Every structure is written in C-alpha cells, then in structure tokens.
Number of protein chains: 2
Amino acid sequence: MTATDTTFRRLCAQHGIAVTHQRQVLYEVMQGMDGHPSPEEVYARVKREIPAISLATVYKNIHLFVESGVLREVSLHHGSQRVEMNEAEHHHMVCSRCKAISDISADALNLPEQRRQLPGGFLVERYSVDVIGICLECQGLERGASRV
Amino acid sequence: MTATDTTFRRLCAQHGIAVTHQRQVLYEVMQGMDGHPSPEEVYARVKREIPAISLATVYKNIHLFVESGVLREVSLHHGSQRVEMNEAEHHHMVCSRCKAISDISADALNLPEQRRQLPGGFLVERYSVDVIGICLECQGLERGASRV
DNA sequence: TATTGAACGATAACTTTTATTGTCTATACT
DNA sequence: AGTATAGACAATAAAAGTTATCGTTCAATA
Ligand SMILES: [Mn+2]
Ligand SMILES: [Mn+2]
Ligand SMILES: [Zn+2]
Ligand SMILES: [Zn+2]
C-alpha cells in the first residue's frame, strides 16, 4: 500500500465515496499532470494505465471529484460561451451549484489597481474576477426548504 | 436612420467590417438582452426579427464582435472543462488569442482580503481571478516575427 | 463468502461549435 | 446608376464535447 494509496483512501472516506481501482488510478495520474487538462486529456493519460477505461467513467469521476473538492475547476464551465454587452467595469458572482451568473461592480469588490507587469511578459488587457460561491436560492434549497 | 443605427455603422467603420442587415439586427437585439446569454439564446431572440437567420451566422458574428471589442465574453471559453489539482491558492493568466492558461500566485496579484458578505446574500467560497491579456508567444507573432 | 447497491464499459443520444458550399449582397469602381 | 467582386449569407454536414442508458462487474458490508 503506497503513500498516495493511503491518502486517496482517506480522501474517499472523508467524502463518503467508494474506493475503486479506476478512481484511484485517476487520482494518481492527475496528481502527476500539471497544467490545466481537459477531460479528454485526462482520459488519454489514464488510458495508458487502464486501457479499458471508458471516457464516461472519466467524466463521471471528474464531476465527483470536483463536487467533493478533491479536484478544482479552473473556471466554472458553463457548457457554452456566454457574452454580454454591459460595458461598465464589473465582475461576476457565479453559483457553484446552479452556475447562475450575476454582476458585481468593481467597487463592491474593492480591488487594487491592476498591475500591468506580470510574470512571463504577459500583456494585461483586463482582470476578470469570478466570486465563486452559493447563490441565495441554492442556499435555501440546501437547507431542505421546499419551494412552491 | 436611428441612433443605434448610426452607432453601429460607426462601430463597423472603426473596425473595418461590413454593415449587413443581420449584423445590425444582432447588435440591436443584444443591446436589449441583459444577463449573460449563450449563442443559442441570442439566436432564439434574433430569430424573432429575422426568421431565416442561420445559427452559423450568429456564431460567426459573435466571434467577430468579440474580436473587435463590440461584445465581451463573460469569461474566456475554452471549449471544454479544465481541471487541476494545484491546491495552492493561485489565479490564472489567460491569453485572449491562444487561450493558454498559466498560473499566477495570489501574492503576485496583490489582492485584498476577500469579502465574505456580498450583495444578494451570496455565500462566498473563493475568488477566481483571470488576468486576461496576450501571452509572450502571441505578442511575438503579433509583431509579424516569424518562427522557425 | 454471499448479498447488493454502486460503479463500470459500451454505446447511443444530445449539445455545442466549426467547416463546407453554393447563392446572394454590400461595397467599390466605373 | 450599372457592374464586378470580395465577403456574407443560409443550409447543412461534420466535429467536438458531454450526458444518458443499460447490462455487467465490483466494492462494501454483514
Ligand atoms: Mn456581467
Ligand atoms: Mn492553475
Ligand atoms: Zn445557485
Ligand atoms: Zn497566446
């Protein structure tokens, strides 16, 4: 039983999810992936360890890991592009449960002035801040309150 | 000739793109849409004005509008979900041209402490900052420098 | 070790986005 | 105004990304 093996079993116990071979390999493989891979990229990598694994299994377990906090989404994925014509400088609150997006003014966030110089010679155009959390509606639902 | 008509023609002139009926209706319709619509939602709405419009036209012109700055993407869309296991508190620099994602520490951004109370009773989990701009590689390409 | 609900693999279905192609139209130039 | 032409359009096929379904296999618990 390896160290990561133990770590993973503890993680699963904490979150009440079953320990399966696929999940364990998925976890270990992703530990070794840097950058910000897509599910397809994770699938390609884990397939080297378990050639028979299904892409659906990768998707299902990425969801599971994200829900339980083992894994993090780089920025909340909405399935499709979202656009807006609101020209005012503003940012967003995004509900991690229902993915609802609402505006929040830059003032309300009290951001510092944006730095123009960043590591790697990156040329800054703008900052885009997502405040990730739970919206009021989802907070209500979470507490078992039923709605008409 | 309406006011928005004039505005739109000026916008097109500024960006060197042709004024077409579809583009103009698209622009006007989106002016009247609040929230953060998807291309499909924009399509459904503009279809009421031009029933024969094609979804491909909506996509192409949303791209065009985003490129020319008429429209803004809520957060840069990567086509697929992106995940990571980097537990350290950090944020991202995202290239608006090639969509490359790179990490940046919270310290380097000099963010203020996160507010826990936000408008609308939103329960904050975390901040996710995307610094949107042009990566070094794309800056080089932009200047017409050719690469081996 | 036997039971059983959960997880898996295979695959179909669905959603989102892009590419292709022939026709049409906005624009520039007489 | 009339014409040429590059670019935009609609239609539609194809690709890419994601989810649902279902029969089989496996992990957890007794
Ligand atoms: Mn907004
Ligand atoms: Mn990262
Ligand atoms: Zn919500
Ligand atoms: Zn780039």
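## A walk through two chains, their metals and a DNA strand

Let us start at the DNA: a polar backbone atom of B:Gln81 sits 3.0 Å from a phosphate oxygen of DNA strand D. A pair like this is called a polar contact, meaning two N or O atoms within 3.5 Å; within protein, one must be able to donate a hydrogen and the other to accept it, and residues adjacent in sequence count only if both atoms are side-chain atoms.

Before we go on, a word about what you are looking at. This is a predicted model, in which local features need pLDDT of at least 70 and side-chain atom pairs count only at pLDDT 80 or more, while totals for chains, interfaces and linings use all residues. Residues are numbered from 1 along each chain as its sequence is written, chains are lettered from A and ligands numbered from 1 in the order in which they are written, and side-chain values use heavy atoms, with hydrogens and water left out.

Back to DNA strand D. Its phosphate oxygens have further partners in chain B: one lies 2.7 Å from a polar side-chain atom of B:Thr20, and one is 3.4 Å from a polar backbone atom of B:Ala52. Altogether 21 residues surround the strand, and the closest include B:Thr20, A:Tyr59 and A:His77; a residue counts as near when one of its heavy atoms lies within 4 Å. Which part of the DNA lies within 4 Å of the protein? Of those DNA atoms, 83% belong to sugar or phosphate, and the rest to bases. Helix α4 (55-68) of chain A, together with α2 (21-31) and α4 (55-68) of chain B, each supply at least two residues of this surface. Helices (H or I, at least four residues) and strands (E, at least two) are DSSP runs, numbered from the N terminus.

How are the two chains related? A rotation of 180° with 0.0 Å of shift along its axis superposes chain B on chain A, with an RMSD of 0.1 Å. That is the relation of a two-fold axis. The fit is by least squares on the C-alpha atoms of residues with pLDDT of at least 70 in both copies. In chain B, the residue closest to the axis is B:Val129, at 2.2 Å (C-alpha). The copies meet through the same surface, because 100% of the interface residues of chain B are also interface residues in chain A.

Now for the metals. The manganese ion (ligand 1) has the protein donors A:Glu84, A:His90, A:His92, A:Asp103 and B:His36, at 2.0 to 2.3 Å. Because A:His90 lies in strand β3 of chain A and B:His36 in the loop between α2 and α3 of chain B, this pair joins two chains. Donors are N, O and S atoms within 2.8 Å of the metal (3.2 Å for Na, K and Ca); water is not among the atoms, so sites may look incomplete. Both residues are buried, A:His90 at 12% relative accessibility and B:His36 at 9%. Buried means under 20% relative accessible area, exposed over 50%, and partly exposed in between (1.4 Å probe, protein chains only).

The zinc ion (ligand 3) is held by the SG atoms of A:Cys95, A:Cys98, A:Cys135 and A:Cys138, 2.2 to 2.4 Å away. In sequence these donors are spaced C-x2-C-x36-C-x2-C. A:Cys95 in strand β3 and A:Cys138 in helix α6 are 43 residues apart, so this pair links distant parts of the chain. A:Cys95 is buried at 0%, and A:Cys138 is buried at 5%.

Notes:
Contact = heavy atoms within 4.5 Å.
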